[in-house]
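Q: I am new to this structure and would like a close look at a single part. Please choose one, explain your terms as you go, and then show what surrounds it.

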Amino acid sequence: MPEAVKASGGALAVLGVAVVLLAGQPTWSQTQPQRRASEFSLANGMQVVVVPDRRAPVVTHVVWYRVGGADNIAGQSGLAHFLEHLMFKSTARLKTGELSNVVARLGGRDNAVTTHDATYYFQRLPKEHLQTAMTMEADRMRNLKLVDQEVATERQVVIQERRSVVDSKPLAILDELISASLYLNHPYRIPVIGWGPEIPKLSRELALEFYNRFYAPNNAILIVAGDVTEGEVRKLAQDTFGRVRPLVGLVRPPRPVEPPQLAARRVELRDPRAGTLSMQRFYIAPSYKTAEPGEAEAIDVLVTILGDGPTSRLYQQLVEERSVAANAGASYSGVALDGGTINVYAVAGDGVTQGALEQGIDAVLGQFIKEGPSQEELEQAKSSLIASYIYTADNQASLAQRYGANLVIGRTIADIEERPERLGRVSAADVKKAAAKYLNLQSSVTGFLIPTADANAAAAGEKRGEARR
Amino acid sequence: MIRPVHNVIAGCLAALAGMLAFGGSASATDVQHVRSPGGIAAWLVQERSLPIVTIRFAFDGGSAQEPMGKEGTAGLLAAMLDQGAGSLSGAAYQKRMETLAARVSFDSDRDFFFGSFETLTVNLGKSSELLKLAVNSPTLEPAALERTRAQFLARASLEAGDSNKLANAQWMAQSFPGHAYSRALSGTPDSIKAVTRDDLAAYRTRILAKRTLRVAAVGDIDADTLGKVLDDIFGDLPAEPQLATVADVAPVAVPKPVVVKFEGPQSVAIFGRQGVARSHPDHMAALVVTQILGGGTSEARLVQEVREKRGLAYWVYALLYNFKHASVLIGGVASPNEEVAKSLDLIRNEFKRLAEKGPSQQEVDSAKSFLIGSYVLNLDSNAKIAEQMLRSQLQGLGPDFIAQRKAGLERVTRADVIRVARSLLATEDLSVAIAGQPTSLSP
């Protein structure tokens, strides 16, 4: 298939990767990847990474802390995320809300995110204001004050957040239930936002304790992407973050360890708001941090072939050929500290039962495990993944995200920027092996979201009635 | 996340995210006005640093042009155009797109039918051939239509379980009775089932025509090459569309909140009234008013009163939105069922306070500098620049839209803001739609 070869050759050539065409197949020869980001450390241990993107006079400034929801101790679920909210309250120098207000007045936007493994704070703003952002971010790294009344109000906001993003959405509820079954012991089983009954117990004291223990330059990574040079960032970082004292004896406590998984589990959620029957299956898999070299890339290729878009096997066989599903696909969540997951999902076609849907998925997976990918599928999937690596660079925030999310779990710039070559080295045998090893029901949870038909019809009828006033 | 990303502005307002702010640095882009040999106009920004070409385009159309009872036609057509065209079956088309690492997709809102195209520069010729096929000779294969219909039905039933979507749809329905804007944006189960292959073909023939085509291109391409590519893709379309007349319309005031019953601990309330047209001289001042009231910053009054001081919601906002034929000031909040009445009282009170007493000079300055300064964040990727250029054309602005917006916002004075707030923030005709089980709503 000459076109696939040309396309991957084209995609790779623009990345500066040498590709030798030999007998119609791309062969991976001596590769000299282009280096984009550079890094250095401050004397206090803070890691700094600069990612040039000079197309607009804008910078993305992000501080990542190596602490997240999976570092909360039992009974304090949601604490890391709660602290993230409280980080916008007053410090010795900043009034409550001032950081965001200053950023807004300068024409910027800011926000923060907590994951299981990390917490990060970012501002996107015109480049001439980078110093202001760094000064304020450095200030709240060690100088947070918390006032009881503000803590109490913000706790209400988080309770409402949980209701908006989880309790109002059946798929989000099912997702929580599946995670809680998938991990028998590891804290990835606990939602980052916290369990409903535990959020009200989060206090000012707990938040401050967590803050004092984990928020320090020697537990943080600074990412600056945009129209800046390494020299500029170095000077600004030394003048701001460089003045924050490191925390002596900072240790991230070891997390509970997942025991061997010996039995497939099932979760069924019945909800009048569900709409359509759907299935979500999650398998335990290694992450880019825990996998053997090349293994995570092979899983990425695997899920691309199985479930990325309308040409994928799941879509072709379940949606196009058999009409078992209205939609079907797969994804890999592989950028995590202690392990990843493979997700396979399908939305049932009209009148299709749970059993038929599951059998349909199992048939596609079973055949793939047995046969592995065709050479054409393999090359196509690799080419798509490499192209998406290129397209991501069009968005500065996504670019900064790519570096931060990987560096915070201990990967290196080389790991990130060698992605095209590493994907290129994945063989059909690697993919087949990954499928056999990780599409293993014994370490999986199969979840169903089931509409409760009667309640749904009744609610819909009522809706229409009321809407007419 | 400390603040919600505003995809909470669901349904009819989804396209708004990047459009609150105008003004900004003219150096960010250098817009060329291009006319192809065949007469197709386009705005182009050359950007050589990535080997990518991005093209966005639109035709007048949208769901407002769908026949009665066939709501969902535009969306179905958008989903069908890349599922088989020319001699390529759906699978072959998708495969070819994948092989070329090209991205071809279509979309529709209430007023326009959109296309989006991205390709690696090395594959420009072959990728644009694919786009040409989708635009000119989609096969609209019956089996593919049934699959797509099933997906739309699944989505519709999912949306029936989404309180934000329900409240937005209800607000549109009660505010524009009898008008195309009152109808379901992506169709109802019944209307989706009623759409035939002929309906799709007829809609395509009526809408995809050269006169209302607008094009924005960004990336590694020069004006001559772009002109040739555009002639090749669009040259064979009919010159004139056949558009049904859509009347300009103002939202109707509904005195009592309309409740759509929805299970769960929270109610979503959508509130709104007449806004300010983009062509109106007060439009910029109205943007500043809305920013002070409920823009996406923690300084906004609604955010302060409802969230920061009282913890009654995770998200609350208000914004100005311009449809092609209507302008609205619209906002929303998600609060506990027992407290949503209180949130709405606070919101009404903030409308009144801002209308009667006006904002401080500092609030005006702060809102203006946010609106002016943050615009550059809408222009920092090829895709975003193309999107802004397309939107600006659809709003009838010129290629100097960046400088014009900035100048327009800079001219806004506190006196302007006070004057516009007085009329824009009248609460007597504020209409409210709620999805949830609210208690103690005031009459």
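A: Let's begin with a term: domain bounds come from an automatic or database domain assignment. On that basis, chain B is split into domain 1 (11-234) and domain 2 (248-436), and the place where these two meet is the part to look at. Everything here is a predicted model, in which local features need pLDDT of at least 70 and side-chain atom pairs count only at pLDDT 80 or more, while totals for chains, interfaces and linings use all residues. Residues are numbered from 1 along each chain as its sequence is written, and chains are lettered from A and ligands numbered from 1 in the order in which they are written.

How far apart are the C-alpha centres of domain 1 of chain B and domain 2 of chain B? They lie 27 Å apart. Where the domains touch, 46 residues of domain 1 of chain B and 50 residues of domain 2 of chain B take part; two residues are in contact if their C-beta atoms, placed from the backbone, lie within 7 Å.

Now look at the side of domain 1 of chain B that touches domain 2 of chain B. Two or more residues each come from β2 (41-46), β3 (52-60), α5 and β6 (214-219) of chain B. These labels are DSSP runs numbered from the N terminus, with helices being H or I of at least four residues and strands E of at least two. The biggest contributor is α5(B), with nine residues. By class, this side has 26 nonpolar, 15 polar and five charged residues; Ala, Val, Leu, Ile, Met, Phe, Trp, Tyr, Cys and Pro count as nonpolar, Asp, Glu, Lys and Arg as charged, and the others, Gly among them, as polar.

Follow α5(B) and you will find it lying across β7, β8 and β11 (431-436) of chain B, at about 150 degrees to β11(B). (Axes are lines fitted to C-alpha atoms, for helices over the stretch in contact, and angles run from 0 to 180 degrees between N-to-C directions.)

Those three strands belong to an open sheet of five, in the order β7-β11-β8-β10-β9 (chain B), and its pairing is mixed. At its edges are β7 and β9 (316-322) of chain B, each of which pairs on one side only. On average, neighbouring strands of this sheet are turned by 20 degrees against each other, direction ignored. Within the sheet, β8(B), residues 266-274, runs antiparallel to β10(B), and nine bridges join them; two strands pair if DSSP finds at least two bridges between them. One of the bridge partners in β10(B) is B:P336, which is matched with B:Q266.

Some of these elements also face the other chain. The contact between the chains takes 65 residues from chain B and 69 residues from chain A. Among the elements of chain B that each supply at least two residues to it are α5 (163-175), β7 (258-261) and β10 (327-336). The side of chain B that touches chain A divides into 30 nonpolar, 22 polar and 13 charged residues.

What does chain A look like across the way? Chain A has 17 helices and 13 strands, and 52% of its 469 residues count as buried. (A residue is buried if 20 or more other C-beta atoms lie within 10 Å of its own, exposed if 12 or fewer, and partly exposed in between; C-beta atoms are placed from the backbone.) Chain A is divided too, into domain 1 (38-243) and domain 2 (265-456), with 29 Å between their centres, taken over C-alpha atoms. Their contact takes 28 residues from domain 1 of chain A and 25 residues from domain 2 of chain A. On the domain 1 side, β4, β5 (58-65), β7 (119-126), α6 (170-182) and β8 of chain A each supply at least two residues. The largest share of that side, eight residues, comes from α6(A). By class, that side has 18 nonpolar, five polar and five charged residues.

Among those contributors, β7(A) has eight of its eight residues buried. It pairs with β5(A) in the antiparallel sense over eight bridges, where A:Y121 is the bridge partner of A:V63. Strand β6(A), residues 109-114, also runs antiparallel to β7(A), joined by six bridges, and here A:N111 is matched with A:F122. Four residues lie between β6(A) and β7(A), which form a hairpin.
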